[in-house]
Amino acid sequence: MASNRDEPLSYLNAPTSSSVGVSEGDSSQIGSASGSFQNEGFLGAFDGGDEDFGFSRSEFRQSLLVGTVKYYERHVFLCYKKPQVWPPRIEATEFDRLPRLLSAALASRKCDMKRQTRLTICEGHDGTETSNGDVLIFPDMIRYRRLTHFDVDTFVEEVLVKDGEWLPGSPEPLRGSYIFVCAHGARDKRCGVCGPALVSRFKDEIESRGDQGKVSVRPCSHIGGHKYAGNVIIFGSNNHGKVTGHWYGYVMPDDVPTLLEQHIEKGEIVDSLWRGQMGLSEEEQMKAQEQRVIANGGGNMERSLKGAATATASDESKVEDGGCCQENGSSGGCCRSSNSPENVVDFNLEKRKGIKNPISINIGNKGGSSSSGTTPHKVCSMPTWLETWESEDVYAALALIGAAVSVAVAYNCYRQLG
């Protein structure tokens, strides 16, 4: 990723971020869950719209999604205020003590927890189904009510370290499906533009289907991968009764009915938008999708590959049109960039008389990759006057030239001595 803003701010057991995983630092404002400092209007109006940060932005659907979820095993959501008042790093702000202390406690006890745990903030509002200070835990599918900053250390010790129960609180079972949409606009404008639109569409669809008691949706803080906005996480039981957490990216409002019908109602993953899954490593995510694609005949992957194919075609068209040569001021054979997984330098000097075969020079990085992918190499054509020569002709010409040079040197020495 090019910048820190695209790094997952989550606790894969460590403090820092807006989706507190435990890997970055954050900022916020309050004391306990209730009576929190209200900062309505924290966000000003965006100075750009859909064309710059929304679903029509130039980068939208230009990267493959699968394998972009870092491995973790448990997701903790702290319900706390509204996205409109979340600072960029809510878990590190001086005034919001509850998120900050919970984030710090998770970080300090990460080595003691049996499961890698990620912390994210979601919307909470007193007087509604979810109040400030409520804690939702997946895949456990339980809720603890009204955590305050005084209880943080005990809660982390009893529930997340010992996998027991927190007293005086008692766990309430969660039923149905839970959808979280990153709408953390103060962290990244792409999420601030795409997130609210998706939350609104989800709520409308859920209401029209009469699924209010079966499906819950709420905005959440940064979960990593701003460039994939809209980002959506869905928790619920699969067809085998196991609770899973699936991440989706590049979700548009028009994709919402598909996610509700295919993922939630039928228990089928929408691979064209799928980023990965809680409990799987990046490699396992890619293998899982590959197996599904093979089983389904590959049809449902057309959309996910479309963006990358478009970008690749665009790059290739520049080469075909001579763009790289023109930029380099070359009028001869064009040097075309490509990728090679091999860590070799291959000089292919084989020539056939009358056949035009370019000499390829391949320089790669076997078994490894840089931050931008495999190491590029160049394939350049040889000058046309040499293309019809065979290797024997080259050797004979070199021998003749060498003999002529030797005679000239000998004659020159003879004249000087004479």
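Student: Which side chain does a polar contact of 2.6 Å join to that of Arg218?

Tutor: That would be Thr130, whose side chain is joined to the side chain of Arg218 by the 2.6 Å polar contact. Keep in mind that this is a predicted model. Arg218 also has a polar contact of 3.2 Å, side chain to side chain, with Ser216.

Student: Where is Arg218, and is it buried or exposed?

Tutor: Arg218 sits in strand β7. To read burial, look at the relative accessible area: under 20% is called buried. Arg218 comes out at 7%, so it counts as buried.

Student: Which residues does Arg218 touch, leaving out those up to four places away in sequence?

Tutor: Among them are Cys122, Glu123, Glu129 and Leu136, plus a run from Tyr178 through Ile179 and Phe180 to Val181. Thr130, the polar partner from before, is on that list too.

Student: OK, on to β9. How many of its residues are buried?

Tutor: Six of the six, so β9 is largely enclosed by the rest of the structure. Try reading the strand by its two faces: Val243, Gly245 and Trp247 point one way, while Thr244, His246 and Tyr248 point the other way. Both sets are buried.

Student: Which strands does β9 pair with, and in what sense?

Tutor: With β8, β9 runs antiparallel, joined by six bridges. With β10 (residues 274-277), the pairing is again antiparallel, over three bridges. For landmarks, find Ser237 opposite Val243 of β9, then Tyr248 opposite Trp274 of β10.

Student: What lies between β8 and β9?

Tutor: Five residues, and the two strands form a hairpin. In the turn, Gly241 has a positive phi of about 85 degrees. Another glycine to check is Gly267, just after α5, with a positive phi of about 75 degrees.

Student: Now helices. Which residues of α5 are buried, and what do they pack against?

Tutor: Start with the general idea: an α-helix has 3.6 residues a turn, so residues three or four places apart point the same way. In α5 (residues 256-265), the buried ones are Val256, Pro257, Leu259, Leu260 and His263. They pack against α4 (189-209) and the strands β6 (177-182), β7 (215-220), β8 (232-237) and β9 (243-248).

Student: And which residues make up the nonpolar patch on the surface?

Tutor: Leu398, Ile401, Val405 and Val409, with about 370 Å² of accessible area together. Val405 belongs to helix α9 (residues 391-417). Its relative accessible area is 46%, which makes Val405 partly exposed.

Technical notes:
Residues are numbered from 1 along each chain as its sequence is written. This is a predicted model: local features need pLDDT of at least 70, side-chain atom pairs count only at pLDDT 80 or more; totals for chains, interfaces and linings use all residues. Side-chain values use heavy atoms; hydrogens and water are left out. Buried means under 20% relative accessible area, exposed over 50%, partly exposed in between (1.4 Å probe, protein chains only). Helices (H or I, at least four residues) and strands (E, at least two) are DSSP runs, numbered from the N terminus. Contact means heavy atoms within 4.5 Å. Patches are made of residues with over 30% relative accessible area and no salt bridge: like charges are joined within 9 Å, nonpolar side chains (Val, Leu, Ile, Met, Phe, Trp, Tyr) within 5 Å. Accessible areas come from the Shrake-Rupley method with a 1.4 Å probe; for residues, only the protein chains shown count as cover. A salt bridge is a side-chain nitrogen of Lys or Arg within 4 Å of a carboxyl oxygen of Asp or Glu. A polar contact is a pair of N or O atoms within 3.5 Å; within protein, one must be able to donate a hydrogen and the other to accept it, and residues adjacent in sequence count only if both atoms are side-chain atoms. Two strands pair if DSSP finds at least two bridges between them.
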